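The exercises below ask you to work through the structure with the sequence beside it. Each task is followed by a solution that proceeds step by step.

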Amino acid sequence: MESLHQLEVIIMLLAVVLALTTIAQKIRIPYPIFLVLGGLALGLVPGLPAVTLHPDLVFLVFLPPILWAAAYFTSLREFRQNLRPISLLAVGLVLATSAGVAFVAHALLPGIGWAEAIALGAIVSPPDAVSATAIGKRLRIPRRIVTILEGESLVNDATALVLYRAAVGAAMSGSFALGHTLFEFVFAALVGVVIGIGVAWLTRWALCATDDGFTQIGVTLLAPYIAWVCGESVHASAVLACVAGGLYLRQSFSGAVSPATRLQARAVWDLLIFILNGVIFILIGLQLGALRDSVPPGQFGPVLIAGAWVSATAILVRLLWVPLAALIPRWLSAKLRARDPMPPWSGLFLISWTGMRGIVTLAAALALPVATSTGVPFPFRAEIILISFTVILATLVLQGLSLPPIIRLLHLREDDGLEQEETLAREHAATAALNRLDQVATENWVSLEQVERVRLRYLQRLERLTKASLAEETTLSSTTESVQRLQYETLTAERMALIDLRDNGTISDEVLHRLEQELDVAALHLGVGERRPGRTHR
């Protein structure tokens, strides 16, 4: 009966996630923030059963595919180009934030030890990969800023969790060894990366060993969990294992599976990540009801005030660190100044302000041991958990909601570098196809007429690309909406005609599905894939 009750809770949460996500889209609020607020409101409703989030569920079920997918869609080239700022944020800022939060917590909470204070700092120091990916990509900001924020959120968990384990170990045993902590950090990072690359290599081999699309998709779903379990079993960084695996697999995935499998895998992964993100954020909001009863009587208000101070400290340290981390290396290196000039202050401020905490912070707090090695309760465990929850709300909700107006105020816009690269890639691909046509033209399995027919198609494509690039600045901005509307109408007419043929028995469902898929891919390519028939789009 208990398992049946848990299934009912999961079904209810999924229904709430879908409803709140729909409302968030209509009122133009990032859905992760709205889900947290919705979960917070549900947690305050009297009579509803408390939903407790188990940390093992987060670390083993939710995080592996989310980290793997986030790394998979991260450009390795841009990650390497921004490795210096990413490292300064993922390592240096985590340590600086942990130290600042530890000092503030030690001053605000009478009796808390330095080990517990540092553990709190490690818990709240890393901005969350889930939050950065779910919110950052929905805002139209320069690509380099997105890369730095996502890269930081992918790597910083490794630094924070190593420091967290060392601080918890010191609180449990009463001793702290700096040398052992440094060795553990290096070991966890290096072995985690090796495990991730190894799992990704085996995944690529498995993908090449089978031609069945469903099996290939299943392999991709299993890979992050294998990387996580292998990393945890040898006490390496499971986070870096998933990040390294996702980055490595991305480099070979295009050549390992067919186009149809890629389309199917993308749909499966998009749905999975959407569901996991939605459930995670609503679970964050639901935790207040359980946390409220865990704090000693009379301490709820003071702990919330301490949480507000800790939140302010974490935000202030980031606001100070980001410009200094950009200025000092360029001040010390003339070569760096020449190669990478100082970025504009608006971009630095946006990076400084975008530090949303999320599920990793809450899961790490909930994973604190209940008792020390001597059997006494872990000091300030309830207070640390509630303060961590307060930091999540302050950064995710307040900073997240303020990002759109801040971006408008700073006049930050997406750069057109990727669009230019896409045009260049299309021209290069068409030229390569023409060269290949010249090579096969003399072979006996193809006729000259067929070659010329295909050649004409690619020549027309090259001509269209050239005209589009020359006329882009003068005509594209004023005609994009009308052109998209015309393309939407013609594609919809084709789809409706196919459905009529299926309905009157002229074609089978299999033919309809095959041709409809081609139209759907074309609609996505033309930018009208999210429009549905029967609606007017202005």
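**Exercise 1. Find the acidic partner of Arg84, and say which parts of the chain the pair links.**

The model is a predicted one, and the steps below should be read with that in mind. Begin at Arg84, whose side chain forms a salt bridge with Asp340, the closest N and O atoms being 3.2 Å apart. Next, place both partners: Arg84 belongs to helix H5 (residues 83-108), while Asp340 sits in the loop between helix H14 (334-339) and helix H15 (345-353), so that the pair links distant parts of the chain, 256 residues apart. Finally, classify the two residues by accessibility, where buried means under 20% relative accessible area. Asp340, at 12% relative accessibility, is therefore buried, whereas Arg84, at 27%, counts as partly exposed.

**Exercise 2. Determine which residues are joined with Asp340 into one network of salt bridges.**

Asp340 also forms a salt bridge with Arg330, and here the closest N and O atoms are 2.9 Å apart. Arg330 lies in helix H13 (residues 300-332) and Asp340 in the loop between H14 and H15, so this pair ties together parts that are ten residues apart in sequence. Both Asp340 and Arg330 are buried. Following the shared partners then gives the network, which consists of Arg84, Arg144, Arg330 and Asp340. As a check on the wider picture, the count of salt bridges in the model comes to six.

**Exercise 3. Locate the salt bridge of Glu232, and decide whether its two residues are buried or partly exposed.**

The side chain of Glu232 meets that of Arg165 in a salt bridge, with an N to O distance of 3.4 Å. Because Glu232 lies in helix H10 (residues 213-233) and Arg165 in helix H8, the pair ties together parts that are 67 residues apart in sequence. For the accessibility step, Glu232 has a relative accessible area of 33% and is partly exposed; Arg165, with 34%, is partly exposed as well.

**Exercise 4. Describe the surroundings of two residues of helix H5, Ile86 and Ser98.**

Take Ile86 in helix H5 to begin with; at 1% relative accessibility, this residue counts as buried. Setting aside neighbours within four places in sequence, Ile86 is in contact with Phe79, Thr147, Ile148, Gly151 and Glu152. One of these, Gly151, is 65 residues away along the chain, yet the C-alpha atoms of Ile86 and Gly151 are separated by 5.9 Å. Then turn to Ser98, also placed in helix H5, which is buried with a relative accessible area of 2%. With neighbours within four places in sequence again left aside, the contacts of Ser98 are Gly121, Ala122, Ser125 and Leu163.

**Exercise 5. Work out how helix H3 packs against H11 and against H10.**

For the pair with H11, helix H3 (residues 55-72) and helix H11 (residues 238-256) pack at an angle of about 45°, with their axes 7 Å apart. That angle makes H3 oblique to H11, and H3 passes H11 in a right-handed crossing. On the H3 side the contact is made by Pro64, Leu67, Trp68, Ala71 and Tyr72, and the H11 residues that meet them include Val239, Cys242, Gly246 and Phe253.

For the pair with H10, the angle is about 115° and the axes are 8 Å apart, and H3 passes H10 in a right-handed crossing here too. Among the contributors to this contact are Phe59, Leu60, Pro64 and Trp68 of H3, together with Ala223, Tyr225 and Trp228 of H10.

**Exercise 6. Identify which members of the largest nonpolar core touch the most other members, and what covers the buried part of H15.**

The largest nonpolar core holds 119 residues, of which Trp68 and Ile284 touch the most other members. Helix H8 (residues 143-173) gives the most to this core, with 14 residues. Beyond its neighbours within four places in sequence, Ile284 is in contact with Val36, Gly358, Ile359, Leu362, Phe389 and Ile392. A second, separate core has eight residues, including Ala430, Ala433, Leu434 and Tyr458.

For the last step, the buried residues of H15 are Ser346, Gly347, Leu348, Leu350, Ile351 and Ser352, and what covers them includes H5, H8, H13 and helix H17 (381-410).

Terms used
Residues numbered from 1 in each chain as written. Predicted model: local features only at pLDDT ≥ 70, side-chain atom pairs only at ≥ 80, totals over all residues. Heavy atoms only, no water. Core = buried A, V, L, I, M, F, W, Y, C linked by side-chain atoms within 4.5 Å. Buried < 20%, exposed > 50% of the residue type's maximum accessible area, 1.4 Å probe, protein only. Helix = DSSP H or I, 4+ residues; strand = E, 2+ residues; numbered from the N terminus. Contact = heavy atoms within 4.5 Å. Salt bridge = Lys/Arg side-chain N within 4 Å of Asp/Glu carboxyl O. Axes fitted to C-alpha atoms, helices over the stretch in contact; angles between N-to-C directions. Parallel < 35°, antiparallel > 145°, perpendicular 65-115°, else oblique. Left-handed = near helix turned anticlockwise from the far one by under 90°.
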